[in-house]
Every structure is written in structure tokens, then in C-alpha cells.
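Biologist: Before I trust any labels, walk me through how you arrive at them. Can you show me the structure first?

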Amino acid sequence: MRPDTVSAALGEEERASFREQGFLVRRGVAPQALCEALLARARQDLESQVQPLEYEADLGYPGAPASRESPGGRTVRRLLQACARDAQLRAWATAETLAQPLRQLLGPEIWLSQAHHNCVMTKQPRFSSLTGWHQDSRYWNFSTPDLVSTWLALGEESVENGCLWFLPGTHRQEFAPERLDAALFLREDDPRNRDVLATRLAAPLAPGDVVLFHARTFHAAGPNRTGQTKFALVHTYHGANTHPLPGTRSACLPEIAL
Ligand SMILES: O=C(O)CCC(=O)C(=O)O
């Protein structure tokens, strides 16, 4: 099934909500048959350990195995390079279903970064980690921070299996460096962060739901405490006014025009 058969334009309320909150959950964007096909492909690559992969141990977030050689050390966190992996994965990332709302948010010209996200995000039982509060823009090198990511749930996402959480409106706020730790995560023990952390909202999703979120919106996710692996397809985009800075990791792969 072609992903661009789904009508995708954002309503005015949705646009206002994204501007205000820095994220937007859209229900039932991808049809069930498409989610099943993408999920089957992702499961197959995970089972066969098709490279390139990122392991939980590589990041060392809380709960991750200490090294690739430790028990659970081969627990995959991301199936990288989704667009180069498979025509169907690429078709989703470049479909009008995503391009149309992205144009409404970022302008008429949309570019997909292959250097960031561009992955199947997996969260596996037993050895998955907790991702602290962060802005994706923290390690990215673009001329502006105006990038938007799309997160397609290929299965159920709940607090129990490690769904995303967001701090609404934080894409419009400034955070003094002291409020962040050395790895640029928001310090949960800092009293100055108490109020903003109290605004946290979980984003449980059903298969086919999509979250759009700004690269500056603080978000986090818990570990997977269920027995089933969670799969999501994640991509990042920018408009014509933003470009990757030459010589940086953000410029290391060609971008795809939508
Ligand atoms: O699923 C997770 O742990 C969150 C992933 C995330 O926020 C990220 O990779 O930027």
C-alpha cells in the first residue's frame, strides 16, 4: 500500500498546537497494512542483525548493558540508515503523508536528513535503557534549530513499554547551561527544573499514530518493562532556511529532497 493515499494536511488547530507545545500527536496516519509491512521488515532486520546498528551499550544510558560484551550487550537500540535499508521504509519517509504537514510547519521546500534519526527505533525487553530529558538539537549542527522529527508507532506505545514523554513549550524557552548536565540532559535534581518537569506529558500511541516534534522540544522515554519489543520509525526534516553546517556530522550524508 502506498503511504501517500492518506490525506495529511494539518488543521489550523493542529498547527497552533504544534507552535505552542512543540509537538503534535496525529492518530491513525499510517494504515494498518502499511504498519504491518514496515514492522515485518523491521523485525526481520532485527532478527538478522542487519547492519548498521546502534546498541544500547554504545550509549550507556541508565539501564543499558555496560558494554557490547556484557550480558545483553548486543541489545539493539536503532536499526540505522532506514532510507538506505529498504524501498518501503524510504517511501514512508518521503511520502506526501509526511511532506504535506512538514511543508505547513517548515515551508515549501522540505529536506530529509539522513545523518540524524533516519532509523527504526527499537526498545527491547530486559536490556533497554531510560532516555533522559533532552533536546535532539543538542548534538546537531545546522544553521538554525528549526528541524522537525516524525515518529511513527509501528506497535502500541505506552508508559509501560517506554513511550515518549514531552515537556510542552520547551522549544520556545531558553535553558541556562547550569540546568543541564555534562551530556546536556536536563538535571532532574535541580530545583530550577522542578516546575518545567511537572508539566511532563506522556504520549501513548497506537500503531499508525505519528508524533511530530521540534528539535528543541525536551523529551524523554522510559525503559521497556514488557515482554515485547517496541518499534518506531523516526526521521528528521528541515526547510530551505536551514542547512547542515559543512564538515560536521550533520552534513556527512546527502539529504533527500521531498
Ligand atoms: O525511545 C527512546 O528512548 C527515546 C529516543 C529519543 O528520544 C532519541 O533518540 O532522541
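Modeller: Sure, and here's the cut-off to keep in mind: a residue is buried if 20 or more other C-beta atoms lie within 10 Å of its own. Bear in mind that this is a predicted model.

Biologist: What makes strand β12 largely enclosed by the rest of the structure?

Modeller: Just the count against that cut-off. In β12 (residues 230–238), 9 of the 9 residues are buried, so the strand is largely enclosed by the rest of the structure. Both sides take part: K230, A232, V234, T236 and H238 point one way, F231, L233, H235 and Y237 the other way, and all are buried. That fits the usual pattern, since in a regular strand the side chains alternate between the two faces of the sheet.

Biologist: Which strands do you say pair with β12, and how do you know?

Modeller: Pairing needs at least two bridges. β4 (residues 111–113) has 3 bridges to β12, antiparallel, with W111 opposite H238. β5 is joined to β12 by 5 bridges, again antiparallel, and there K123 stands opposite K230. β7 (residues 147–153) runs antiparallel to β12 too, with 7 bridges, and L152 faces L233 across that pair. Each count meets the minimum of two, so β4, β5 and β7 can each be said to pair with β12.

Biologist: Why is V211 called buried?

Modeller: V211 has 23 C-beta neighbours inside 10 Å, and the threshold is 20, so it counts as buried. V211 sits in strand β10 (residues 210–214). Leaving aside neighbours within four places in sequence, its contacts include F23, W151 and L164.

Biologist: Which residues touch the most other members of the largest nonpolar core?

Modeller: That core has 54 residues, and L152, L154, V211, A232 and L233 touch the most other members. L152 itself is in contact with A30, W92, V210, A232 and L233, again setting aside neighbours within four places in sequence.

Biologist: How do you know the chain's radius of gyration agrees with a compact globule?

Modeller: With 258 residues, a compact globule would have a radius of gyration near 18 Å, and the protein chain has 17 Å, so the two agree. The C-alpha trace spans about 45 × 45 × 35 Å along its principal axes.

Biologist: And what surrounds the ligand?

Modeller: M121, K123, T131, D136, G162, H219 and A221. Strands β5 (119–123) and β11 (219–221) are the elements giving two or more residues to that shell. By class, the shell comes to 2 nonpolar, 3 polar and 2 charged residues.

Technical notes: Residues are numbered from 1 along each chain as its sequence is written. This is a predicted model: local features need pLDDT of at least 70, side-chain atom pairs count only at pLDDT 80 or more; totals for chains, interfaces and linings use all residues. A residue is near a molecule or strand if its C-beta atom, placed from the backbone, lies within 6 Å of it. Helices (H or I, at least four residues) and strands (E, at least two) are DSSP runs, numbered from the N terminus. Ala, Val, Leu, Ile, Met, Phe, Trp, Tyr, Cys and Pro count as nonpolar, Asp, Glu, Lys and Arg as charged, and the others, Gly among them, as polar. A residue is buried if 20 or more other C-beta atoms lie within 10 Å of its own, exposed if 12 or fewer, and partly exposed in between; C-beta atoms are placed from the backbone. Two residues are in contact if their C-beta atoms, placed from the backbone, lie within 7 Å. A nonpolar core is a set of buried Ala, Val, Leu, Ile, Met, Phe, Trp, Tyr and Cys residues joined through C-beta atoms within 7 Å. The radius of gyration is taken over C-alpha atoms; the globule rule is 2.2 Å times the number of residues to the power 0.38.
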